[in-house]
Amino acid sequence: MAAFPATRLRRTRKTDWSRRLVRENRLSPDDLIWTCILSDGDIPRDPVPSMPGVDRVNLDEIVKDAQRAKALGIPAMAIFPHINPKYKDAAGSEAANPDGIVPRAVKAVKDAVPDMGIIVDAALDPYTDHGHDGLVHDGQIINDASVDALCDVALMLADAGADVVAPSDMMDGRVGMIRQSLERSGHKDVLIMSYAAKYASGFYGPYRDAIGSATALTGDKRNYQMDPANTDEALREVAMDIEEGADMIMVKPGMPYLDIMCRLSREYCMPTYAFQVSGEYAMIMAAAQNGWLDERRVIMESLLCFKRAGCDGILTYFAPSAAQWLQEEQ
Ligand code: PBG
């Protein structure tokens, strides 16, 4: 008779109580950052076709969403703007307008829900008529002048009351320059969440539809966003951003990049976040709506897997549904 193993891993899997006792990772509403699309249009809630369940919301509605987020225990929201093309130009000047839709939304949300964390991209792409995250000169995205422009944007956002500015452009040296600008202008407590390892990804497609930069974009972003083939380079990017004064680091996209998060969280012990991007949202929703995947189950599994990979939190369009389900499970 064959000898049976002394160790049977199935013993602890047998019952619900023992599965709970050995569970290594848990998802909580504290892990969720709700990514919201804010529109400068008149329609209160304008559905994004390639992201079923996600609306571009106006100023009044984003305040309601913030109240909903608070009721669901979500600690923070990240706001991304859809801008009318008539306000776009080559320099993305509207990005630094203190009366723009984003600073107005930041103030409105802060007035209504003062303890909601507000994260805003310091970014030019929603505002440039070419759709790039930097200034273009002779067909090239120029680094240092773009960084200067981003510093202006970051300062304006900090003035408006943003708690966290998130440079999403991948220009070199921008975290340090933004940090210095914030320090000099008295915004020493404003956090920087850097899109530290942001890849040139096909998964941003639906977002570019949602904010209207898809039609604007000329060329692609491969000469500033990272090559999906690289890992070591992500470590170098993160090391630079920490050195320059980032408080939180982020990896983007999410699900196909769990190896990067795992390596980064072990290497640096920094607050580490994943951005589960629009294409990941669209993929899950498309399959769920066809009855090919169990929506709730795969969403919750995908979010838990970020925790397992070492993330401290997840920027996700699923935040309100996930928080709602977590509340129901209580
Ligand atoms: C760029 C930016 C992008 C996203 C957030 N900020 C896209 C891009 O680089 O073109 C993507 C978000 C998503 O896909 O959900 N500043």
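In this predicted model, helix H8 (residues 232-243) packs with helix H9 (residues 258-268) at an angle of about 45°. Their axes lie 10 Å apart. H8 is therefore oblique to H9. The two helices form a right-handed crossing. On the H8 side, the contact comprises Ala 234, Leu 235, Val 238 and Ile 242. These residues meet Ile 260, Arg 263, Leu 264, Glu 267 and Tyr 268 of H9. By class, seven residues of this contact are nonpolar and two are charged. No polar residue takes part.

A second helix pair consists of H4 (residues 101-112) and H5 (residues 143-160). The packing angle here is about 25°, and the axes are 9 Å apart. Angles under 35 degrees count as roughly parallel, so H4 and H5 are roughly parallel to each other. The crossing of H4 past H5 is right-handed. H4 contributes Pro 103, Val 106 and Lys 107 to the contact. H5 contributes Met 156, Leu 157 and Ala 160. Five residues of the contact between H4 and H5 are nonpolar, and one is charged. Polar residues are absent from it.

The model also contains a ligand, with a surrounding shell of residues. Asp 121, Ala 123, Asp 125 and Asp 133 belong to this shell. Ser 168, Tyr 204, Tyr 207 and Arg 208 also surround the ligand. Lys 221, Val 277 and Ser 278 complete the set. Five residues of the shell are charged, four are nonpolar and two are polar.

Notes. Residues are numbered from 1 along each chain as its sequence is written. This is a predicted model: local features need pLDDT of at least 70, side-chain atom pairs count only at pLDDT 80 or more; totals for chains, interfaces and linings use all residues. A residue is near a molecule or strand if its C-beta atom, placed from the backbone, lies within 6 Å of it. Ala, Val, Leu, Ile, Met, Phe, Trp, Tyr, Cys and Pro count as nonpolar, Asp, Glu, Lys and Arg as charged, and the others, Gly among them, as polar. Axes are lines fitted to C-alpha atoms, for helices over the stretch in contact, and angles run from 0 to 180 degrees between N-to-C directions. Helices (H or I, at least four residues) and strands (E, at least two) are DSSP runs, numbered from the N terminus. Angles under 35 degrees count as roughly parallel, over 145 as roughly antiparallel, 65 to 115 as roughly perpendicular and the rest as oblique. A crossing is left-handed if the near helix is turned anticlockwise from the far one by less than a right angle, and right-handed if clockwise. Two residues are in contact if their C-beta atoms, placed from the backbone, lie within 7 Å.
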